Amino acid sequence: MPSKNNKNTRKSGAKKSVSRAALRSHKPQAHAHKQAPARSGKATKNHPVKIKMPSKAAEHGEAAGNANVKQAEEARKNEELVGNNALVKAINSNIGHGAMDVLKLLAPGPKTDESIAEKLGVKVNDVRRILNAMNSHSIVRYDVNKDTKGWLIFTWRIDSEKLSEYVAETMHKKDDADSMLPGNCNDFFICKGCYQKEKTVLPFDSAFEYGFVCISCRKPFTPLSREETVALFKTAN
Ligand SMILES: [Zn+2]
């Protein structure tokens, strides 16, 4: 299945995301983690601190155990969030109907964009568009690694904290059409052909990730002002 053409698109897709990666580096967290133990060992004249030095083996075992517990806890939290009706409605209307399928696959743990595409039977580029649109809402993140041939591999995961904030926000936004729209956006896009069925209205950032073309029928989006979008919601109800 993987062809030369496929790899080319993969490389160009990767380039775009690398610059995004530079904006959100994961490195500071890793450093903070390494430095943390030193701080707790600080002693003062009046309060000397005795430090128990764990053996190397115990240290490693504990770290791996903690990582597993943390991952299981996050997976449990993700599954709960992904089943929330308010979230499903918000994701369908703000990011598009394919997005929930992607989120459900990511709930148990991180996955590459290619494995998501394979599982869903959709094009990798469509999965990347959906992931980038969700990334613009900060609810998913990715790590980049190189495979043995030097191609970049993108591993995506849900940011549980951001997703739960997103759920809390969407649960507060009810009924009032204007408050359902993101406050900082005045440009919205719909697909005239699919709106009746999908009820998806994309804010600028998400529409940009889709190249201003509907992911369901490949027709160009129609732009709407904020006022027109609110009016559309009112006539739809
Ligand atoms: Zn469409």
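Where is the place of Lys 199? Lys 199 sits in the loop between helix 10 (195–198) and strand 5 (202–203), and we'll come back to it in one of the close-ups below. Keep in mind throughout that this is a predicted model.

**Figure 1. The whole protein, before zooming in, has 12 helices and 6 strands.** The chain runs to 237 residues, and buried residues make up 22% of them. Take the contacts between residues at least 6 apart in sequence: 60% of these join residues at least 24 apart. The views that follow pick out two sheets, a helix pair, a core and a few single residues.

**Figure 2. Strands 1, 3 and 2 line up as an open antiparallel sheet.** This sheet has 3 strands, in the order 1-3-2. Its edges are strand 1 (111–112) and strand 2 (140–146), each pairing on one side only. On one side, strand 3 (residues 152–158) is joined to strand 2 by 7 bridges, and the two run antiparallel. On the other, 2 bridges link strand 1 to strand 3, again antiparallel. A good residue to look for here is Trp 156 in strand 3: Lys 111 stands opposite it, and so does Tyr 142. Another pair to find is Val 140 facing Ile 158 of strand 3.

**Figure 3. A hairpin links strand 2 and strand 3.** Here's the turn that belongs to the sheet of the previous view. There are 5 residues between the two strands. Look for Gly 150 in this hairpin, where phi is positive, near 95°.

**Figure 4. Strands 5, 4 and 6 make an open sheet with antiparallel pairing.** This is a sheet of 3 strands, in the order 5-4-6. Strand 5 and strand 6 are the edge strands, so to speak the outer rails, since each pairs on one side only. Strand 4 and strand 6 pair over 4 bridges in the antiparallel sense, with Ile 190 standing opposite Thr 222 of strand 6. Strand 4 is also joined to strand 5, by 2 antiparallel bridges. In that pairing, look for Phe 189 across from Leu 202 in strand 5.

**Figure 5. Helix 6 and helix 7 pack against each other at an angle of about 115°.** Two packed helices are described by the angle between their axes and the distance between the axes. For helix 6 (residues 113–120) and helix 7 (residues 124–135), the axes are 9 Å apart. Their crossing is right-handed. Helix 6 brings Asp 113, Glu 114, Ile 116 and Ala 117 to the contact, while helix 7 brings Val 124, Val 127, Arg 128 and Leu 131. Sorted by type, the residues of this contact come out as 5 nonpolar, 3 charged and no polar.

**Figure 6. The largest nonpolar core holds 36 residues.** Which members touch the most others? They are Val 102, Leu 103, Ile 130 and Met 134. Several elements chip in with at least two residues each: helix 4 (85–94), helix 5 (98–106), helix 7, strand 2, strand 3, helix 8 (160–172) and strand 4 (187–190). Helix 7 gives the largest share of the core, with 6 residues.

**Figure 7. Lys 199 and Phe 212 both carry a positive phi without being glycine.** For Lys 199, phi is near 55°. As the opening said, this residue belongs to the loop between helix 10 and strand 5. Is Lys 199 buried or exposed? Partly exposed, because it has 15 C-beta neighbours inside 10 Å. Now shift to Phe 212, where phi is about 60°. Phe 212 is found in the loop between helix 11 (204–209) and strand 6 (222–225). With 14 other C-beta atoms within 10 Å, Phe 212 counts as partly exposed too.

**Figure 8. Lys 234 in helix 12 is an exposed residue.** Helix 12 covers residues 226–236. Why does Lys 234 count as exposed? Because it has 10 C-beta neighbours inside 10 Å, and a residue with 12 or fewer is called exposed. For a last stop, find Asp 178, which lies 56 residues from Lys 234 along the chain. The C-alpha atoms of these two residues are separated by 9.7 Å.

Key. Residues numbered from 1 in each chain as written. Predicted model: local features only at pLDDT ≥ 70, side-chain atom pairs only at ≥ 80, totals over all residues. Pairing = 2+ DSSP bridges. Axes fitted to C-alpha atoms, helices over the stretch in contact; angles between N-to-C directions. Left-handed = near helix turned anticlockwise from the far one by under 90°. Contact = placed C-beta atoms within 7 Å. Nonpolar A, V, L, I, M, F, W, Y, C, P; charged D, E, K, R; others polar. Core = buried A, V, L, I, M, F, W, Y, C linked by C-beta atoms within 7 Å. Buried ≥ 20, exposed ≤ 12 C-beta atoms within 10 Å, placed from the backbone.
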